[in-house]
Amino acid sequence: MTIINTPIAANPELAASSLETMWKIRRFEEAVEDLYGRGLMHGTMHLSIGQEAVPTGACLALNRDDYITSTHRGHGHCIAKGADMERMMAELLAKETGYCRGRGGSMHIADTETGNLGANGIVAGGVPIATGAALSAKMRGTKQVAVSFHGDGAMGEGAWHEGVVLAAMWQLPVVFLCENNLYGMSMSSEKAFNLEKLSDRARGYGIPGVTVDGNDVQAVYDATQEAVDRARNGGGPTFIEAKTYRWRGHSKSDKNLYRTRDEIDEWRGKDPIPLFEAQALAAGGLTQADIDAVRDKVRTELRSAVQRANAAPDATADDLLSAVYAR
Amino acid sequence: MTIETTAAQSAAAPAASAETAVMTYSEAIRDAMRIAMAKDPAVFIMGEDVGTYGGAFGVTGELINEIGPERIRDTTISELGIMGAGVGAAMTGMRPIVEIQFSDFTAQAMDQIANQAAKIHFMLGGAVNVPMVIRAPGGSGTGAAAQHSQSLEAWFVHIPGLKVVMPATADDAKGLLLSAIDDPNPVMVIEHKLLYKTSGDVRVGDIRTPLGVAAVPREGKDLTIIATGIEVSRALEAAEILAADGIEATVVDPRTLKPLDSGTILRTVKETGRVLLVQEAVRTLGFMSEVSAIIAESDAFGYLRAPIKRLAGLDIPIPYAPKLERASVPQVEDIVKAATDLVREW
């Protein structure tokens with residue numbers, strides 16, 4: 001990816017693609033929520049509605065062959081890195097054509113073609129894996145970078161600590177990108193960590209750390225691009241805290257007892273999508289007609305993805321035993 | 001599906017070398033790693049003190065001087081991080097060999113072993129492989145007490161997605177490790193710390209012991225002793241003593257616990273009609289409990305002249321004091337007594 005010097009909102013092509021990515025994530029998750037609510041989808045899922053600017057801005061700084069590790073709340077990372085919504089939807093609908101052939105579901109979608117090493121059902125599980133992918137890139141002499149998306153909750157895990165310690169020691173090309181959506185399930189990150197900013201912790205690991213507005217695509221992109229450049233040029237890991245907010249509950253069991261309606265409403269007022277649309281209109285990157293065209297395009301694409309995924313054959317149990325080991 | 005394939009899982013080995021050299025178990029492991037690293041730049045070693053220190057048990061030795069610190073990679077004391085880095089490297093084109101100083105410390109790394117390495121291939125619909133090797137010494141006998149002496153193989157056998165090997169000889173330590181490095185799956189290699197300094201004839205060069213094939217180092221007509229790890233050498237020593245007393249034992253070393261060569265086990269049990277199962281690990285729900293069930297569920301059951309007998313570690317943490325430690329796990333004399341009883345009473 002060449003470095004983008006003009007603001008994203010002023011660049012017609014990038015503004016359209018960024019907006020499209022955010023709408024894809026939003027519409028995908030709204031569709032998932034609707035299908036689940038109507039009893040047409042099974043299992044559980046964790047929605048990132050309200051957080052779309054983080055993966056959108058971050059993945060804009062990445063090449064197709066750069067790696068990401070993702071989380072249980074991973075639909076956004078997956079889409080932003082370039083995954084196919086139909087195959088994602090097929091996975092959630094338990095179809096044979098899904099990314100994991102119905103064996104993984106929402107929490108385990110990976111798309112190796114686009115460098116996505118997988119969502120993860122274990123909090124911070126992907127952090128040391130990203131360290132390993134970065135180690136591999138360094139040892140193979142490629143210029144690939146790994147980005148570990150994780151939540152604020154992950155910063156209470158030992159895996160986070162160990163993954164960062166090794167990456168710092170070896171100065172690996174990895175970016176630890178914390179989506180601080182203010183809650184690890186119900187535990188507020190403010191209560192959990194005795195820090196003004198989570199990025200203050202980076203110093204203790206001997207790596208640069210920065211906190212940005214996670215609802216601003218440009219801010220996330222700028223911070224990620226700087227970190228990625230540093231990583232690619234041998235400057236080692238960076239920690240980024242992107243402050244954002246999860247509109248929906250942690251999962252379907254969440255009764256929102258730990259936060260107020262006012263707080264949720266306040267953050268709904270900071271919706272990253274209209275924020276970006278306003279920036280693009282003001283900067284001249286997009287007209288209202290362009291914005292409408294993006295929305296229409298995504299709506300059509302998603303409808304078709306759901307229809308085609310629904311029509312696909314169900315995942316089959318025929319070869320389960322032979323699928324455990326690679327040959 | 002209890003009974004698994006007996007087919008060798010490994011890639012075809014290069015032409016077998018008839019030539020052998022006497023090596024320690026430890027040297028044989030080092031030889032295997034040296035051979036694998038010379039052949040494939042993707043293979044590297046990562047672990048605590050594997051560099052200049054040479055490994056907690058000296059297994060990597062001076063490899064760092066030959067191969068350098070990039071591929072003999074010293075880590076911080078971070079078992080979970082090391083294991084996760086191994087998983088990430090394995091998913092992206094490398095073939096890491098992760099050394100864990102004592103198998104007990106895999107408890108620290110268990111999320112990455114059980115929830116990540118073992119499941120990724122299946123959970124991601126076969127899109128990715130995790131070709132990594134985890135080497136870790138298990139077993140008691142060094143006075144290191146409860147947190148450095150366990151035999152945890154059953155933990156790993158119980159997790160679909162892992163392969164598990166327990167080499168009992170120097171030659172198998174080399175041959176099984178080379179097969180494990182070839183394998184596209186995570187393979188847990190449980191070495192035994194009392195075996196590191198034992199010697200044996202080891203095939204020279206780039207040899208293999210296929211995964212999923214048991215060894216039968218001794219054949220006899222009176223009973224079958226199936227043993228793993230350190231108990232294989234104890235079983236063979238016991239068999240010598242038994243022979244002097246007129247009892248001829250077959251000794252079977254499964255070598256690979258997962259996938260298990262149940263064919264060889266059932267064949268030898270049918271031949272002798274009596275079976276003694278010996279493991280160092282604690283008795284309850286140990287590996288031999290599964291072997292017992294496999295025999296009991298098979299047509300070999302009809303050949304049994306005596307109940308299946310298990311000889312195992314006591315259901316206790318390994319104690320420190322030498323006498324107590326020795327009393328905690330099956331010794332040669334325990335095997336001799338159990339085998340004699342089995343043959344004389346039935």
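# A tour of chains A and B

Begin in chain A of this predicted model by selecting the open sheet of five strands, whose order is S1-S2-S3-S7-S6 and whose pairing is parallel. At the edges stand strand S1 (67–69) and strand S6 (209–213) of chain A, and because each has a single partner strand, one side of each is left without a neighbour in the sheet. Passing from one strand of this sheet to the next, the twist averages 20 degrees.

Now narrow the selection to residues 146–151 and 174–180 of chain A, which are strand S2 and strand S3, running parallel and joined by six bridges. A pair to label here is A:Val147 with A:Val175, the latter lying opposite it in S3(A). Add helix H5 of chain A to the view: H5(A) packs on the sheet, where it touches S1, S2 and S3 of chain A, and its direction makes about 175 degrees with that of S2(A). Then select residues 217–232 of chain A, helix H8, which lies across S3, S6 and strand S7 (238–243) of chain A and runs at about 170 degrees to S7(A).

Next, turn to where the two chains meet. How many residues does each chain bring to the contact? Chain A gives 36 residues and chain B gives 35 residues. On the side of chain A that touches chain B, helix H5 (126–140) and helix H6 (158–170) of chain A each supply at least two residues. H5(A), which also packs on the sheet of chain A, provides the largest share of that side, ten residues. Coloured by residue class, the side of chain A that touches chain B divides into 21 nonpolar, ten polar and five charged residues.

Hide chain A and display chain B in full, which holds twelve helices and 14 strands. Its radius of gyration is 19 Å, close to the 20 Å that the globule rule gives for 346 residues, so chain B is as compact as a globular protein of that length. The C-alpha trace of chain B spans about 60 × 45 × 40 Å along its principal axes, and 57% of its 346 residues count as buried. Of the contacts in chain B with a separation of 6 or more, 81% are between residues 24 or more positions apart.

Colour chain B by domain, with domain 1 covering 21–203 and domain 2 covering 215–345. The centres of these two domains of chain B, taken over C-alpha atoms, are separated by 26 Å. Across the boundary, 25 residues of domain 1 of chain B are in contact with 25 residues of domain 2 of chain B. To find the side of domain 1 that touches domain 2 in chain B, select helix H6 (153–157), strand S6 (163–165), helix H7 (170–182) and S7 of chain B, each of which supplies at least two residues of that side. The residues of this side of domain 1 divide into 14 nonpolar, eight polar and three charged.

From there, select the open sheet of seven strands in chain B, which has the order S3-S2-S4-S5-S7-S6-S12 and mixed pairing. Its edge strands are strand S3 (72–74) and strand S12 (256–258) of chain B, each pairing on one side only. Neighbouring strands of this sheet are turned against each other by 20 degrees on average, direction ignored.

Finish by zooming in on strand S5 of chain B, residues 133–138, which pairs in the parallel sense with strand S7 of chain B, residues 187–192, over six bridges. Two pairs are worth labelling between these strands: B:Val133 has B:Val187 as its bridge partner in S7(B), and B:Ala136 stands opposite B:Ile190 in S7(B). S5(B) is also joined by three bridges to strand S4 (residues 95–99) of chain B, and these two strands run parallel. For this pairing, label B:Val98, which stands opposite B:Ile134 in S5(B).

Is S5(B) largely enclosed or open to the outside? Six of the six residues of S5(B) are buried, so the strand is largely enclosed by the rest of the structure. In a regular strand, side chains alternate between the two faces of the sheet. Show the side chains of S5(B) to see B:Val133, B:Arg135 and B:Pro137 pointing one way and B:Ile134, B:Ala136 and B:Gly138 the other way, all of them buried.

Methods. Residues numbered from 1 in each chain as written. Chains lettered and ligands numbered in written order. Predicted model: local features only at pLDDT ≥ 70, side-chain atom pairs only at ≥ 80, totals over all residues. Helix = DSSP H or I, 4+ residues; strand = E, 2+ residues; numbered from the N terminus. Rg over C-alpha atoms; globule rule 2.2 N^0.38 Å. Buried ≥ 20, exposed ≤ 12 C-beta atoms within 10 Å, placed from the backbone. Contact = placed C-beta atoms within 7 Å. Pairing = 2+ DSSP bridges. Axes fitted to C-alpha atoms, helices over the stretch in contact; angles between N-to-C directions. Nonpolar A, V, L, I, M, F, W, Y, C, P; charged D, E, K, R; others polar. Domains from an automatic or database assignment.
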